[in-house]
Amino acid sequence: MAKLTFVTALGKATTVDATAGETLMRIALDNGVTGIEAECSGSMNCGTCHVYVAPQFLDWCPPRSESEEDLLAIAASELRDNSRLSCQIVMRPEMDGMVVHLPESQF
Amino acid sequence: MSEHVLVVGTGQAGFQVAASLRQKGFAGDITLVGDEAVPPYQRPPLSKAYLKEGREERLHLRNLSFYHENRISLLGGRRVTALDRQAKRITLDDGQCLDWDRLVLATGTRIAVPPIGGVNLPGVHALRSIDDARRLRDEMATMRRAVVIGGGFIGLEFAAVAREAGIEVSIIESAGRLMARAISPQMSTIVQAIHSEHGVSIFLNSLAASVEAQADGRVYGVSLSDGRFLPADGVILATGVVPNTELADAAGLRVHNGIITDRYLTTEDPRIHAVGDCAAFPDPFGPSLIRLESVQAAVDHGRCLAEVIMGRPSPYAALPWFWSDQGRYKLQIAGLAAPDDAARLTQTENGGQVVVRSRNGLVTAVETLNAPGVHMSARKLLADGPSRDIALSV
């Protein structure tokens, strides 16, 4: 199974088995990864599943939609070029080894 | 002995109190008890994604190991039958007693069943819990004609999913427009036109008189008070909810359309709190008590109360916001407008609709349809209350 690593703002890394076809948000919630709030359960209403995708893996992700840009614009933590909403990235087998960093705060 | 926070209700508000307490480093004991057998889950998708996909595992707020790792003891499938404030003890339906140092009432709401005949017939559905949604989803596989009683968020969200599934849908609404409690007349008109275009028959100013059964006892249709009859093999009760306040009431706490709290989500008993859909709390931006049915309130109440419990209280001050996804239409509301607040309709460049609500020159709320960027700007603009700035990027 593909591996996915979440790194907290304090540098603590958690590597989990990532089910292909699920979003990074769902994978985080299903594996007890803290630091993702996901208030609206991936319905693009809250912006509290913000992650920073490690730059070398960005090409594996689909581009940000306009709605995602809107939500990221008022996210609680700094907006960076590699900012993404984890509910908008679906895990694929070839993403094995991907690393995402969690922001300091989601709200 | 360590402090024990006992939360009654395992919905999103109860969950959030427990999760936020641990996030903020609360070291005492936490128990979540509730009558639903499944671990805390998200309700909004029940009338949307879940009805389409049926993916129950996607509803869980967290997996079970989260509760274990965070030392949150989860007692599902248990109803609280008594609340003794003197002894600081609750009794569960299996006879077990639990003592608390802090009690959090997160008892939520239940369906307001309309006072008409036939609501208990097979084929008549509510849409509040995962059990409700499971039953409804099963029957939608063979359902041909649905009648929805109530033209609010839930009724319209169901209508959108049902139409996509090829089910004929009629909506009976007693008011003169859809979602009258939540949005402006202008936005009601727009949403009504969309649903009509998608083939939903909408009966405004109409009252359901009774749900009728055929010979085998199954639902056959709905009679209206004006004598009309709408045939149906499925009926959805979407006439709103009432807060579960009985426990608080019986314990002598003040109750009026919700369990009454102060700005710190605390009842007149300093060790008892109320959060989420069941709480009637002071409007941060107005003079009255309000009760909200929303994920936003559940989550923000939970966070606020966690600070209160940990001895760092600040008054609840979050801006209300709401959403309702109806098919490919996203209705969002930032702020809280009074029914008679002015409403000004504009369009965005890419076809979104925006209604700015105002009173005495202050923007009180912004309703948007397929304009998420404007919604997010409005949430920022209104975060500290009604605003004079109407420079919303429309």
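Me: What do β1(A) and β2(A) form, and how many residues lie between them?
Reply: In this predicted model, β1(A) and β2(A) form a hairpin with five residues between them. The turn holds Gly11(A), whose phi is positive, at about 95°.

Me: What makes β1(A) and β2(A) count as paired strands, and in which sense do they run?
Reply: Pairing requires at least two bridges between two strands. Six bridges join β1(A), residues 2-7, to β2(A), therefore the requirement is met. The two strands run antiparallel. Two examples show the register: Val7(A) stands opposite Ala13(A), and Phe6(A) stands opposite Thr14(A). In general, the strands of a sheet are paired through backbone hydrogen bonds, in either a parallel or an antiparallel manner.

Me: Why do β2 and β4 of chain A stand at the edges?
Reply: The open sheet of chain A has five strands in the order β2-β1-β5-β3-β4, with mixed pairing. β2 (13-18) and β4 (83-85) each have a single partner strand, so one side of each lacks a neighbour in the sheet. From one strand to the next, the twist averages 35°.

Me: How many helices and strands does chain A have, and in what order do its elements run?
Reply: Chain A has two helices and five strands. Starting at the N terminus, the order is β-β-α-β-α-β-β.

Me: What makes chain A as compact as a globular protein of that length?
Reply: The globule rule gives 13 Å for 107 residues, and the radius of gyration of chain A is 12 Å; the two values are close, so chain A is as compact as a globular protein of that length. Along the principal axes, its C-alpha atoms fill a box of roughly 35 × 25 × 25 Å. Of the 107 residues, 41% are buried. Among contacts with a separation of 6 or more, 66% join residues 24 or more positions apart.

Me: Why does Ser41(A) count as buried?
Reply: The cut-off for a buried residue is 20 or more other C-beta atoms within 10 Å. Ser41(A) has 25 such neighbours, so it counts as buried. Ser41(A) belongs to the loop between α1 and β3 (50-53) of chain A. Its phi is near 55°, which is a positive value in a residue other than glycine.

Me: Is Met44(A) buried, exposed or partly exposed, and how do you know?
Reply: Met44(A) has 19 C-beta neighbours inside 10 Å. A buried residue needs 20 or more, and an exposed residue has 12 or fewer; Met44(A) therefore counts as partly exposed. Met44(A) also lies in the loop between α1 and β3 of chain A, and its phi is positive, near 60°.

Me: How do the axes of helix α2 of chain A and helix α9 of chain B cross, and what does that make the two helices?
Reply: Two packed helices are described by the distance and the angle between their axes. The axes of α2(A), residues 66-73, and α9(B), residues 372-381, come within 9 Å and cross at roughly 5°. An angle under 35 degrees counts as roughly parallel, so α2(A) is roughly parallel to α9(B). On one side of this contact are Ser67(A), Asp70(A), Leu71(A) and Ala73(A); on the other are Pro372(B), Gly373(B) and Met376(B). By class, these residues are four nonpolar, two polar and one charged.

Me: How many residues does the contact take from chain A and from chain B?
Reply: The contact takes 16 residues from chain A and 19 from chain B. On the side of chain A that touches chain B, the elements giving two or more residues are α1 (24-30) and α2. α2(A) gives the most, with four residues. This side of chain A has six nonpolar, six polar and four charged residues.

Me: What makes β22 and β24 of chain B edge strands?
Reply: The open sheet of chain B has the order β22-β23-β26-β25-β24, with antiparallel pairing. β22 (321-326) and β24 (342-347) each pair on one side only, and they are the edge strands. Neighbouring strands of this sheet are turned by 15° against each other on average, direction ignored.

Me: How many bridges do β24(B) and β25 of chain B pair over?
Reply: β24(B) and β25(B), residues 353-359, pair over six bridges in the antiparallel sense. Within β25(B), Gln353(B) is the bridge partner of Gln347(B).

Notes:
Residues are numbered from 1 along each chain as its sequence is written. Chains are lettered from A and ligands numbered from 1 in the order in which they are written. This is a predicted model: local features need pLDDT of at least 70, side-chain atom pairs count only at pLDDT 80 or more; totals for chains, interfaces and linings use all residues. The radius of gyration is taken over C-alpha atoms; the globule rule is 2.2 Å times the number of residues to the power 0.38. Two residues are in contact if their C-beta atoms, placed from the backbone, lie within 7 Å. Axes are lines fitted to C-alpha atoms, for helices over the stretch in contact, and angles run from 0 to 180 degrees between N-to-C directions. Angles under 35 degrees count as roughly parallel, over 145 as roughly antiparallel, 65 to 115 as roughly perpendicular and the rest as oblique. Ala, Val, Leu, Ile, Met, Phe, Trp, Tyr, Cys and Pro count as nonpolar, Asp, Glu, Lys and Arg as charged, and the others, Gly among them, as polar.
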